[in-house]
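Please open the model in your viewer and keep the sequence panel beside it. The tour below moves from one selection to the next and says what is to be found at each stop.

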Amino acid sequence: QVQLVESGGGLVQAGGSLRLSCAASGRTFSNYAMRWFRQAPGKERESVAAISSGGSFTDYADSVKGRFTISRDNTKSTVYLQMMSLTPEDTAVYYCAAMRGSMWSTTEYWGQGTQVTVSS
């Protein structure tokens, strides 16, 4: 089992920044690729960013490229999502997820989510 706990969400004005964190515990964090998802009210959950288990490879949704940066610190078993130039369209609950091996593998574990609200 891997337990994931997100933090760092909140209310921010448009144009502002937030950094989300996702702390993992349980099995060896470095064995898992990590992905951030988000779900806005009335919309389907969408992948935002992913990072390989070693941190060398990343992938981003087109809607966040150039504004969001995913990173990880395997010594702290934590993955981060730095979000900049936020817009109201970024308002959503953000979830981190763990996948064994490749970032394209099936998600095995989910966090509980953290709310991000961007005001105009």
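What follows is a walk through a predicted model, with residues numbered from 1 along the chain as its sequence is written.

**Stop one: the disulfide**

Begin by selecting Cys 22 and Cys 96, which form a disulfide with their sulfur atoms 1.9 Å apart; a search of the whole structure finds one disulfide. Which parts of the chain does this pair tie together? Cys 22 belongs to strand β3 and Cys 96 to strand β9, so the link ties together parts that are 74 residues apart in sequence. If you query the torsion about the S-S bond of Cys 22 and Cys 96, it comes to about 50°, so the disulfide is right-handed. Cys 22 counts as buried because its relative accessibility is 1%, which falls under 20%, and Cys 96 is buried as well, with a relative accessible area of 0%.

**Stop two: the nonpolar core**

Next, select Leu 4, Met 34, Trp 36, Leu 81, Met 83 and Tyr 94, which touch the most other members of the largest nonpolar core, a set of 31 residues. Colouring by strand is useful here, as the elements that give two or more residues to this core are β1 (2–7), β3 (18–26), β4, β5 (46–51), β7 (68–73), β8 (78–83), β9 and β11 (114–119). In soluble globular proteins, nonpolar side chains tend to be buried together.

**Stop three: strand β11 and its partners**

Now show the side chains of β11, which alternate along the strand: Thr 114, Val 116 and Val 118 point to one face and are buried, whereas Gln 115, Thr 117 and Ser 119 point to the other and are not buried. In which sense does strand β2 (residues 10–13) pair with β11, parallel or antiparallel? The two strands pair in the parallel sense, over four bridges, and if you select Gln 13 you will find that its bridge partner in β11 is Ser 119. Strand β9, by contrast, runs antiparallel to β11 and is joined to it by three bridges; here Tyr 94 has Thr 114 as its bridge partner in β11.

**Stop four: the aromatic cluster**

Select Phe 37, Tyr 95 and Trp 110 together, since these residues form one aromatic cluster. A pair of aromatic rings is described by the distance of the centres and the angle of the planes, and the structure holds three aromatic pairs. Phe 37 and Trp 110 form a tilted pair, at 4.7 Å centre to centre and with 45° between the planes. This pair links distant parts of the chain, with Phe 37 in strand β4 (residues 32–39) and Trp 110 in strand β10 (residues 109–110), 73 residues apart. Phe 37 counts as buried at 12% relative accessibility, while Trp 110, at 37%, counts as partly exposed.

The rings of Tyr 95 and Trp 110 have centres 6.5 Å apart and planes at 85°, so this pair is edge-to-face. Tyr 95 lies in strand β9 (residues 92–100) and Trp 110 in strand β10, so the pair ties together parts that are 15 residues apart in sequence. Tyr 95 counts as buried, at 15% relative accessibility.

Before leaving Trp 110, add Arg 45 to the selection, which lies over the face of Trp 110 at 4.4 Å from the ring centre. A further arrangement of this kind can be displayed by selecting Arg 72, which lies over the face of Phe 29, at 4.3 Å from the ring centre.

**Stop five: the salt bridges**

Finally, turn to the charged side chains, where the count comes to five salt bridges. Select Arg 38, Glu 46, Arg 67 and Asp 90, which are linked in a network of salt bridges. Within this selection, the side chains of Glu 46 and Arg 38 meet at 2.6 Å, N to O, and those of Asp 90 and Arg 38 meet at 2.9 Å, N to O. Asp 90 lies in the loop between β8 and β9 and Arg 38 in strand β4, so this second bridge ties together parts that are 52 residues apart in sequence. Are the residues of this bridge buried or exposed? Both Asp 90 and Arg 38 are buried, with Arg 38 at 6% relative accessibility, whereas Glu 46 is partly exposed, with a relative accessible area of 34%.

For the last selection, take Asp 62 and Lys 65, which form a salt bridge whose closest N and O atoms are 3.2 Å apart; Asp 62 is exposed, with a relative accessible area of 65%.

Methods. This is a predicted model: local features need pLDDT of at least 70, side-chain atom pairs count only at pLDDT 80 or more; totals for chains, interfaces and linings use all residues. Side-chain values use heavy atoms; hydrogens and water are left out. Rings of Phe, Tyr and Trp (its six-membered ring) pair if their centres lie within 6.5 Å; planes under 30 degrees apart count as stacked, over 60 as edge-to-face and the rest as tilted. Buried means under 20% relative accessible area, exposed over 50%, partly exposed in between (1.4 Å probe, protein chains only). A charge sits over a ring if NZ of Lys or CZ of Arg is within 6 Å of the ring centre and within 35 degrees of the ring normal. A nonpolar core is a set of buried Ala, Val, Leu, Ile, Met, Phe, Trp, Tyr and Cys residues joined through side-chain atoms within 4.5 Å. A salt bridge is a side-chain nitrogen of Lys or Arg within 4 Å of a carboxyl oxygen of Asp or Glu. A disulfide is a pair of cysteine sulfur atoms within 2.5 Å. Two strands pair if DSSP finds at least two bridges between them.
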